[in-house]
Amino acid sequence: MTAFITGFFTSLTLILAIGAQNAFVLRTGLLGRHVFWVCLTCALSDAILISLGVAGFERATAAVPWIAPALTYGGALFLFTYGALRFRAAFAGTDAIDLSKAAPPTRLWASLTACLAITWLNPHVYLDTMVLLGAVSAQFIGQKPIFAAGAVLASFFFFFSLGFGARLARPLFQSAKAWRILEAVIGGIMWAIAAGLLLSA
């Protein structure tokens, strides 16, 4: 039970930090577009990465040193581009700010592609799920699967709570100004993470 609880709360603490993935899920929840599938994609991606981390993936990355810089520069490029799109939406004031309007929804494949890119091209995700959780799990010899189960459950709990809980804030974002502010904040988060990746390279 100790291994499960430690895995759950360690994972939850790491995920709670505002980042590109969380901002994307929040925006998806506010728009009400493919929320279940986006949350499931994020949670399953975390489950895969957590399992690999607990199984000792850090040893594999040490053996293939080019993975880290490739993820860093590729992730920074994607986050910068996505952030620029959010800034453009914020300043353009498009119809997307009207959450009550029956606008054509973004295609499912487009939402999932963006979700997968934000998840798998972000080196911070690997640091949290694979390196840090992998290191913490090392103390639970013989109980690593239980630790991993707790960590995975935390991921599912967080993403589905964020995605479906976002609808509670929808009345606030019926305001064009509030929606533009959110878009600008998300753009800023994306650019800040991208800059941090490049500075740490």
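A residue counts as buried here when its relative accessible area is under 20%. Keep that cut-off in mind for this predicted model, where 43% of the protein's 201 residues make the grade. The fold has nine helices and zero strands, so to speak an α-α-α-α-α-α-α-α-α run from the N terminus on.

**Helix 2, tucked away**
- Helix 2 covers residues 20-31, and at 1.5 Å a residue its 12 residues should span 16 Å; the end C-alpha atoms sit 17 Å apart, which agrees.
- With 11 of those 12 residues buried, helix 2 is largely enclosed by the rest of the structure.
- The buried residues of helix 2 are A20, Q21, N22, A23, F24, V25, R27, T28, G29, L30 and L31.
- Right after helix 2 comes G32, with a positive phi near 70 degrees.

**Helix 1 against helix 8**
- Helix 1 (residues 2-16) packs on helix 8 (residues 144-165) at about 40 degrees, and their axes are 7 Å apart.
- That angle makes the two helices oblique to each other, and their crossing is right-handed.
- On the helix 1 side, the contact uses A3, F4, T6, G7, F8, S11, L12, I15 and L16.
- Helix 8 brings I146, F147, A149, G150, A151, L153, A154, S155, F157, F158 and F159 to the contact.
- Sorted by class, this contact has 15 nonpolar residues, five polar ones and no charged ones.

**Contacts across the chain**
- Take the contacts between residues at least 6 apart in sequence: 90% of them join residues at least 24 apart.

Note on methods
Residues numbered from 1 in each chain as written. Predicted model: local features only at pLDDT ≥ 70, side-chain atom pairs only at ≥ 80, totals over all residues. Heavy atoms only, no water. Axes fitted to C-alpha atoms, helices over the stretch in contact; angles between N-to-C directions. Helix = DSSP H or I, 4+ residues; strand = E, 2+ residues; numbered from the N terminus. Parallel < 35°, antiparallel > 145°, perpendicular 65-115°, else oblique. Left-handed = near helix turned anticlockwise from the far one by under 90°. Contact = heavy atoms within 4.5 Å. Nonpolar A, V, L, I, M, F, W, Y, C, P; charged D, E, K, R; others polar. Expected span 1.5 Å × (residues − 1). Buried < 20%, exposed > 50% of the residue type's maximum accessible area, 1.4 Å probe, protein only.
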